[in-house]
Amino acid sequence: MTAFNRLALTLGLGFLYAPIAVLVVYSFNDSRLVTVWSGFSTRWYGVLFNDGPLLASALASLKVAALSATIAATLGTLAALALDRHGRFTGRGAFTGLLYAPMVMPEVITGLSLLLLFVGIEMERGIPTIVIAHATFGTGFVAVVVGARLKGLDRSLEEAAADLGAGPIRVFFTVTLPLLAPSLAAGFLLAFTLSLDDLVIASFVSGPGATTLPMRLYSQVRLGVNPEINAASTLLVAAVSLVVLCASWLSARKGGTTAV
Amino acid sequence: MSVSTARPLGRWLVRALPLIWLALFFLVPFVITLKISFSTPATAQPPYLPVIDWSNGLQGWREFFYALDLTNYQMLAADSLYWEATLSSLVYAAAATAVLVLIGTPMALAMARARPGLQPILVAMVVVPFWTSFLIRVYAWIAILKPEGLLNATLLKLGLIAQPLEILNTPLAVIIGLTYAYLPFLVLPLYAVLSRLDPALPEAAADLGASRMRIFCTVTLPLAMPGLVAGALLCFIPMVGEFIIPDLLGGSETLMLGRMLWIEFFSNRDWPIASAVAVLLLILIVGPVVMFRGAEERREEALR
Amino acid sequence: MQFPSLTPTDPLLRIDRVTKRFGAHRAVDDVSLDLAAGEFLCLLGPSGCGKSTLLRLIAGFETPDAGAIMLGGEDLARQPPHRRPVNMMFQSYALFPHMSVAQNLAYGLQGLGLSRVEITERVQRLLRLVKLEGFEARRPDKLSGGQRQRVALARALAREPRLLLLDEPLGALDRALREETQGELRAIQRRLGTSFVVVTHDPEEAMALADRIVVMDRGRILQAGPARDLYEHPATRFVAGLLGDVNLIAGTLGLEDGATRGVHTAFGCLRALPSLALADAAAGTAVVIALRPERLQLGTGDNTLSGTLVDAAYLGDRVRRQIRMTDGTMLRASASLPGNPGDAGIGQSISLGFAPDAAWILPA
């Protein structure tokens, strides 16, 4: 690395982490004001843990994320299998388009059009509609992650299993699926995080009584900087870092590839 | 092979399940949005006319279609606000993409040249912010950019400025926010291509007498182009329709289509106009999306 | 697996006019081949010659476009790979990375209706067979290349197939290990009496292993037979060149002295030639004389040639010389003994000779 490389990296990572550092540091600030440091305190964490509606929406978010990521992992894996194994079937182009379009589609469009569907079919809006919406855009991400792994999979492993007398179903469950497991876990986590993170689509398709964490945070953020949110953010950042660290440690240990 | 010998039903389900789901919850909604963009607003629930009368069967559909009109699009065309919003959406996205390329390319290059042992750690460091809540990362900038925020406080203390700078609620804040939020999306695909580049290629160029700058411009950059284009489009496309960043950092004056759509829908409760804006936004990104698919294919080839 | 009773003369495997196309390309083109029980057969050819496709057709990973594949008198056409009484050892070994050695070996035994004890016993027997006792708990990535190769072999043998297909079984091993493993492979094959079909692109390996070599090129079988036949009496220039270095001398068939046949070449007429190959071809037919470098000796012989020594390379067990004939043709002569100090130096003239049975006449 040259001095220029080192500088670019330092500045770039500094840019990425400075705002997060500010959040973390000021979450321990005793004062309500961001610019004034008035001593170390954990009082905002206390406030946070007594904020019933906020905790309820966090729980709702976790529920939505778990359900939608499960659906996305299933559909995404099937889609990846179809694209990798079914060759040039009719409608393959449309299939890939449908799969990948939700990933780049502006969220406002996805959110609005899904809402219009739910209104049109007179489906009651709430947690289930958010789950459906999140599963829909999570599917593409899972398909990308699992598809990359499938592409690198040695086909002769499955042939060997068939050669040793295993039928298609046994081959899938004893060879294909275990080998896909790391990418499946990565895809699930990605879909989970994206669901946990989504404000725009959830705002469109949710109904009364179904408020996710980002929706709750957004309504407070609009009112300005708030130390309680700093505390919530700090916890979120800590949780994410932990997951990413675990994931990269696991994949380094197993010699697999890091997803995303 | 094993899958090809599977029973036809199982084979069909593998393809059909995701297809049906995506058609139902992605394609059909678009068709409905398109149709409602030709409806007129009404003070009803849902707030637009005509609605599809399901009980009337085919007749209901026909009445629905006959009642469609172009009013919403005429309104969009007549109101200069929408023209400005369209233009400024593109300008914001393009400007932020340019800044991203300038910041992200040296970063990705440095990552690819780091010690092999260090590279996974650097990738993880770029990934962590990407996995961290988008909303929160944007929110963090409010505390930094506002008049009595950290940036101004620091600059004032250093004596670099006499008056607090007005950054929050300006286009500059939107560009900073867009750049910040999308940086990992540019760096990661670019790094993926750069790290697989044969290190002997720049060495060969150096051996043939090329300067650092010439090596970068004539060897590294052309070979990394698919990754750079893919990454840039991956940022540009969603930025055009971005809502959170202009809403939180740009203030009420910011004109971007994503935010206009949100306001028409949530504040004005004009669903047909919101749908028309969605259609407009969609048309705007069709070109870049097609380019992105092409770039992705080239990038995958480059990664082979 | 139960087979219908076979008479000793029936082949174990019969490939009858099999064709496999990939698009317009005929990977296997009207191939017929019989394999006797207990035979060790090598499919030899350059990459893309169709040998691997033929193996995959037998295993059931590809379906033939025409023709039939019969095993023990039974048509395999309708049987998917997992129901065929044939096993395959893959070029990449295809060891399941998420399973231990023992689990890999047991994979094919599950579903045969064996008890857990029987499976364990058979796994132990397989480990002994390939000398890997004590490795049962290891993962494939913790094995050396040679050990992996042996696990792959043992796994393919686990179901006691009558026919084992091996795709470049020694291709990933280094040279020293390869020679050692060739012997082991033969020993195991003799001991079990299983028929082996090995695909290889390495002629030396094919010659070391096989009872019979089948040479393929462009989807077709060019020649089949024991190594010695193919080496000494190749049917085509391609086969001659594939099995080892060969001098090919172009000429035309001539009728000399009423009865003695000879071949006119650019550097003279050669008379002492085998009469077998083109006995009844007309005079004037274009032919090629194939002459192995080790059969071309220094000094004079039944046929004597003279030329200029261009290069002499000392290779330890032999010396390889390049000689330019008067017309510019280059010949290679390989002598197993180092020459005398008084031998011709580079650039000096040199005499070469060969006996009638050293040469072989091929169609041009």
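How many residues do chain A and chain B each bring to the contact? In this predicted model, 71 residues come from chain A and 78 residues from chain B.

**View 1. The side of chain A that touches chain B.** The contact takes 71 residues from chain A. Helix α1 of chain A, residues 3-27, supplies the largest share of this side, with 13 residues. Sorted by class, the side of chain A that touches chain B holds 51 nonpolar, 13 polar and 7 charged residues. The partner side, from chain B, takes in 78 residues.

**View 2. Annotated transmembrane regions of chain A.** An unreviewed UniProt entry gives the annotation "transmembrane region" to residues 7-28, 54-83, 95-121, 127-150, 171-193 and 229-250 of chain A. Two of these stretches are described here. Residues 127-150 of chain A are 100% helix and 0% strand, and the C-alpha atoms at the ends of this stretch are 33 Å apart. Residues 171-193 of chain A are likewise 100% helix and 0% strand. For residues 171-193, the end C-alpha atoms are 31 Å apart.

**View 3. The fold of chain B.** Chain B contains 13 helices and 2 strands. It has 304 residues, of which 45% count as buried. Where contacts in chain B join residues at least 6 apart in sequence, 72% of them link residues at least 24 apart. The chain is divided into domain 1, residues 27-69, and domain 2, residues 80-303.

**View 4. Where domain 1 of chain B touches domain 2 of chain B.** Here 10 residues of domain 1 are in contact with 8 residues of domain 2. On the domain 1 side, α1 (8-36) and β1 (40-41) of chain B each provide at least two residues. Of the elements on this side, α1(B) gives the most, with 3 residues. The side of domain 1 of chain B that touches domain 2 consists of 6 nonpolar and 4 polar residues, with no charged residues.

**View 5. The two domains of chain C.** Domain 1 of chain C spans residues 13-241, and domain 2 is made of residues 245-338 + 346-363. The C-alpha centres of the two domains of chain C lie 39 Å apart. In the contact between them, 6 residues of domain 1 meet 6 residues of domain 2. The domain 1 side of this contact in chain C has 2 nonpolar, 3 polar and 1 charged residue.

**View 6. D30(C), a residue other than glycine with positive phi.** Phi of D30(C) is near 55°. D30(C) is part of strand β2 of chain C, which runs over residues 25-35. Is D30(C) buried or partly exposed? D30(C) is partly exposed, because 13 other C-beta atoms lie within 10 Å, whereas 20 or more would be required for a buried residue.

**View 7. K131(C), a residue other than glycine with positive phi.** Phi of K131(C) is near 55°. K131(C) sits in the loop between α3 (116-129) and α4 (145-157) of chain C. K131(C) counts as exposed because 11 other C-beta atoms lie within 10 Å, and the cut-off for an exposed residue is 12 or fewer.

Key. Residues are numbered from 1 along each chain as its sequence is written. Chains are lettered from A and ligands numbered from 1 in the order in which they are written. This is a predicted model: local features need pLDDT of at least 70, side-chain atom pairs count only at pLDDT 80 or more; totals for chains, interfaces and linings use all residues. Two residues are in contact if their C-beta atoms, placed from the backbone, lie within 7 Å. Helices (H or I, at least four residues) and strands (E, at least two) are DSSP runs, numbered from the N terminus. Ala, Val, Leu, Ile, Met, Phe, Trp, Tyr, Cys and Pro count as nonpolar, Asp, Glu, Lys and Arg as charged, and the others, Gly among them, as polar. Domain bounds come from an automatic or database domain assignment. UniProt positions are given in the numbering used here, feature names are shortened, and annotations may be inferred rather than shown by experiment.
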